2 protein chains.
Amino acid sequence: MEQDATYYLEDLPPGTRFRNDAAVTLTETEIIRFGREFDPQPYHTDPEAARHTFFDGLVASGWHTIAVMTGLAIRSPMRLAEGQIGLGAEGIRFIKAVRPGDAIRLEIEVLENTPSRSRPGWGVIRVCWRAFNQHDEAVLEVCPSILVRARGTGAAA
Amino acid sequence: MEQDATYYLEDLPPGTRFRNDAAVTLTETEIIRFGREFDPQPYHTDPEAARHTFFDGLVASGWHTIAVMTGLAIRSPMRLAEGQIGLGAEGIRFIKAVRPGDAIRLEIEVLENTPSRSRPGWGVIRVCWRAFNQHDEAVLEVCPSILVRARGTGAAA
């Protein structure tokens, strides 16, 4: 797909893919800062105490990784006319722990595309965001539903 | 349920409920800070520009609200022996926009309780987290699956 295009509902049939390889590294400092603020558990906040937990060391909160994925999605080539207006999400899988120094990149796939009956000129796409680490291992998957503007021709895909 | 108890798999049958009424207020400053770092869209980062968007004003990123709900869950009476080890989540619904000054509290309900076959001494609970604002309006729902230690009697509920 083109780098600078703005996408409307009709441009996003199921199977459309985007990626953002501008990987974001989660540092120990950032993992601890997010953990202290939002997810205060030893394996997110204290490298020493984390060694004696299920994770055997510091790991990023899954919500931290999703927040980083959100930034990658916003800055991906999938630019939407009205921004990424989330209605909800399904299918969150915390597949592999993200540890300090891991660099996360994002792939996006459109799964469903449904014109809205109640809101003319709009539709909903269900997408899958998949995050990979620097070893190309999948670490996290989440499938948001996003409200998308149609071009308004009345002929949404 | 008791305030200071530690909960194991057997203590958490479906229908068990907890709440954390220690509401957290999302300020404009915090909403913008989270938005700039993780979800850089005008309706999360710029009060003036936000007026001309779908939301007609500044709103918290849904992932910000979920992060706040996570803190409320961690600090709720549902204290788990090994912490809240998330495997994934389903059923995220961004029900109502969270705006600057809204105060969020949390209710938790256990939906399912399944002893693990592959990991003796552990099980998985599926819970529903529901966030309400200061007007007792539901704003966000998410149903995480959490790995929980069993008491080890071999008689998990």
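Contact here means heavy atoms within 4.5 Å. By that yardstick, in this predicted model, the meeting of the two chains draws on 37 residues from chain A and 37 residues from chain B.

It helps to start with a single chain. Chain A is built from 4 helices and 7 strands. Walking along the sequence, the order of these pieces reads β-β-α-α-α-α-β-β-β-β-β. Its C-alpha trace stretches over about 60 × 30 × 20 Å along the principal axes.

Now for how the two chains sit together. Two copies of a chain are related by a rotation about an axis and a shift along it. In this case, chain A lands on chain B after a turn of 180 degrees with 0.0 Å of shift along the axis, and the RMSD is 0.0 Å. The two copies are therefore related as by a two-fold rotation axis. Within chain A, Glu90(A) has the C-alpha nearest that axis, at 2.4 Å from it. Both copies also use the same surface, since 100% of the contact residues of chain A turn up again in chain B.

As for the area involved, chain A and chain B bury about 2,900 Å² between them, and 62% of this lies on carbon and sulfur atoms. Three aromatic names stand out on the chain A side: Phe38(A), Phe54(A) and Trp63(A) account for 24% of the area that chain A buries against chain B, more than any other three residues.

Polar links are part of the picture too. There are 2 salt bridges across the interface of chain A and chain B. In a salt bridge between Arg33(A) and Glu37(B), the side chains come together at 3.0 Å, N to O. Polar contacts across the interface come to 16 residue pairs, with both residues at pLDDT 80 or more.

Which elements of chain A give two or more residues to the side that touches chain B? They are helix H1 (28–38), helix H4 (62–74), strand S4 (85–94), strand S6 (122–132) and strand S7 (138–149). S4(A) makes the largest contribution to that side, with 10 residues. Sorted by type, the residues on the side of chain A that touches chain B are 20 nonpolar, 9 polar and 8 charged.

Strand S4 also takes part in pairing between the chains. S4(A) and strand S4 of chain B (residues 85–94) run antiparallel and are joined by 4 bridges. Along this pairing, Gly88(A) stands opposite Arg93(B) in S4(B).

Note on methods:
Residues are numbered from 1 along each chain as its sequence is written. Chains are lettered from A and ligands numbered from 1 in the order in which they are written. This is a predicted model: local features need pLDDT of at least 70, side-chain atom pairs count only at pLDDT 80 or more; totals for chains, interfaces and linings use all residues. Side-chain values use heavy atoms; hydrogens and water are left out. Copies are superposed by least squares on the C-alpha atoms of residues with pLDDT of at least 70 in both. Buried area is the accessible area (1.4 Å probe) that two parts lose on being put together, summed over both. A salt bridge is a side-chain nitrogen of Lys or Arg within 4 Å of a carboxyl oxygen of Asp or Glu. A polar contact is a pair of N or O atoms within 3.5 Å; within protein, one must be able to donate a hydrogen and the other to accept it, and residues adjacent in sequence count only if both atoms are side-chain atoms. Ala, Val, Leu, Ile, Met, Phe, Trp, Tyr, Cys and Pro count as nonpolar, Asp, Glu, Lys and Arg as charged, and the others, Gly among them, as polar. Two strands pair if DSSP finds at least two bridges between them.
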